[in-house]
Amino acid sequence: MKGGINTMLMQKEKFKQASSFIKTKARPLERALFQYEFENGRKEDVILELEKFQNDDGGFGNSLEPDFRLESSSALATSVALQTISYLKIEPNHSIVQKVMNYLINTYNPDSIGWEMVPKEVEKVPRAPWWNYQEPRKDWGNPNAEILGYFYEYKELIPESLLQTLTEKAIHHFNNLEEYEFHEILCYVRLAERIDSFILPSFIEKLKESLKICVEKDKEKWREYTLQPIQVVQSPTSMFYPYFEDVIEENLKFILEMQTEKGSWEPTWSWFGQYMDTWETAKVEWEGVLTLGNLRTLKSFQLINL
C-alpha cells in the first residue's frame, strides 16, 4: 500500500462522534458489536442481541435486514445473521449455529437447488421497492452462494451430499453468467473466502473478471449506490487486495470524508417515497450498521488510533 495512508488516521474527535452515535442511536446489536470490537466487550453479549432476531424455526427475520420489515424467517435475513456469526467465529456446537444450520437444511428446496430469497409475505410489510417478491430470480447466487460459503465454514454440520450438490450448482451458475449483478458477486466473494482451496480455481478467474466490471473505481461515482473497492477488500489481508491496491487508499480517504457532523455514515439509497415513516426508522438503523462497518474497516487498515 502506498505510504501516504499512514497520514490518514481518523481524528480522535471524529471517532468519539461515531462512538457516541452508535451508543445513542444504533440498535442494541450494533452497540454490542461496537463494545466487543472497540471496548473489550463480551462476545456473549453480541450473541444475546443477535439471538433476538432468531425465530423458533432457527432462521432470522424481525427486520435484521432493515430494508424489509418481515418478522418471519427468510434466507436473506439469515445470511445477514451468518455474516455476524462468521465474524465472531462462533463454535459449531453453539445453539445459535445449530439452530440456523438446521433451519437452512430443513428449508432447502431441491427443485431450485437453494432457498427462496424472501417469502411472498414480504409483500405485506413495509419494505424498499427492490424487496417486492420476485420468483424465479436470475441472481440465484444471492444469497445461495453466500450460504454455501457458511456451509463450508461449518461443514461438519452439513450433509456431504447437500454440500456437493450446492457446490456444483454454484460453480455452474456462476461460470455461465453473461451479466453481473453486484450483490450476487459479493455473495460469490464471501463464498470464495470460505470454500475449500482446491475448489477455488474452478471459478476464481471468472470472479476476478466480474469484479473488474462491477467494482466502481471512479471516485466521482462513490456518492452513488455503487460497489466500492472497500466493500470487497475490507482488510489488507483480503485475498482480493492485490486487484484493487491502486485505489484502496483513495477509497479509504473517501470514507473518512463522508462521515457526517453527527458522527455517522448515511445510506446512499432511499425507499423512493415508499413507507416514509418506516424508512426513517430503517435509515437510522442503517446508519448504525454503516457506521460500525466503516469503523471496522478503518480499524483493519490501522487508521484508528485508539
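Let's start at Glu287, a residue that is buried, with a relative accessible area of just 1%. Keep in mind as you look around that this is a predicted model. Glu287 has a charged partner: its side chain meets that of Lys262 in a salt bridge, at 3.2 Å from N to O. Glu287 belongs to helix H12, while Lys262 sits in the loop between H11 and H12, so this pair ties together parts that are 25 residues apart in sequence. The two partners also differ in their surroundings, for Glu287 is buried at 1%, whereas Lys262 counts as partly exposed at 43% relative accessibility. Nor does the pair stand by itself: Lys262, Glu266, Lys283 and Glu287 are linked in a network of salt bridges.

How many salt bridges does a search of the whole structure find? The count is 20, and two others are worth a visit. One of them joins Glu37 to Arg296, with the closest N and O atoms 2.7 Å apart. Glu37 lies in helix H2, which covers residues 28-38, and Arg296 lies in helix H12, which covers residues 276-300, so this bridge ties together parts that are 259 residues apart in sequence. On the acidic side, Glu37 is buried because its relative accessible area, 9%, falls under the 20% cut-off. Arg296, with a relative accessible area of 27%, is partly exposed.

The other salt bridge to look at is formed by Arg137 and Asp139, whose closest N and O atoms are 3.0 Å apart. Is each partner buried or partly exposed? Arg137 counts as partly exposed at 25% relative accessibility, and Asp139 counts as buried at 12%.

Now turn to helix H11, residues 241-257, and find Asn251 there. Asn251 is buried, with a relative accessible area of 0%. Which residues does Asn251 touch, once its neighbours within four places in sequence are left aside? The contacts are Trp222, Gln228, Pro229 and Ile230. With Gln228, the link is a polar contact between the two side chains, at 2.9 Å. Trp222 is another useful landmark: Asn251 and Trp222 are 29 residues apart in sequence, and their C-alpha atoms are 8.5 Å apart in space. If you are viewing the model on screen, try centring on Asn251 and picking out these partners in turn.

Helix H11 also takes us to the last stop, which is an empty space. The structure holds one cavity of 30 Å³ or more, and about 30 Å³ of space lies inside the largest cavity. Its lining is made up of Lys208, Leu211, Lys212, Tyr243 and Phe244. Helix H9, residues 204-214, and helix H11 each supply at least two residues of that lining, with H9 giving the most, three residues. What is the lining like by class? Three of the lining residues are nonpolar and two are charged, with no polar residues in the set.

To retrace the route, Glu287 and Lys262 belong to a network of salt bridges that also includes Glu266 and Lys283. Helix H12 carries Arg296, the partner of Glu37 in helix H2. Helix H11, for its part, holds the buried Asn251 and shares in lining the largest cavity along with H9.

Key: Residues numbered from 1 in each chain as written. Predicted model: local features only at pLDDT ≥ 70, side-chain atom pairs only at ≥ 80, totals over all residues. Heavy atoms only, no water. Helix = DSSP H or I, 4+ residues; strand = E, 2+ residues; numbered from the N terminus. Buried < 20%, exposed > 50% of the residue type's maximum accessible area, 1.4 Å probe, protein only. Contact = heavy atoms within 4.5 Å. Polar contact = N/O pair within 3.5 Å; in protein donor to acceptor, adjacent residues only side chain to side chain. Salt bridge = Lys/Arg side-chain N within 4 Å of Asp/Glu carboxyl O. 1 Å grid on protein atoms, 1.4 Å probe; cavity = no way out; pocket = protein on both sides within 12 Å on 5 of 7 lines; lining within 4 Å. Points joined across faces, edges and corners; volume = space filled by probe spheres on them. Nonpolar A, V, L, I, M, F, W, Y, C, P; charged D, E, K, R; others polar.
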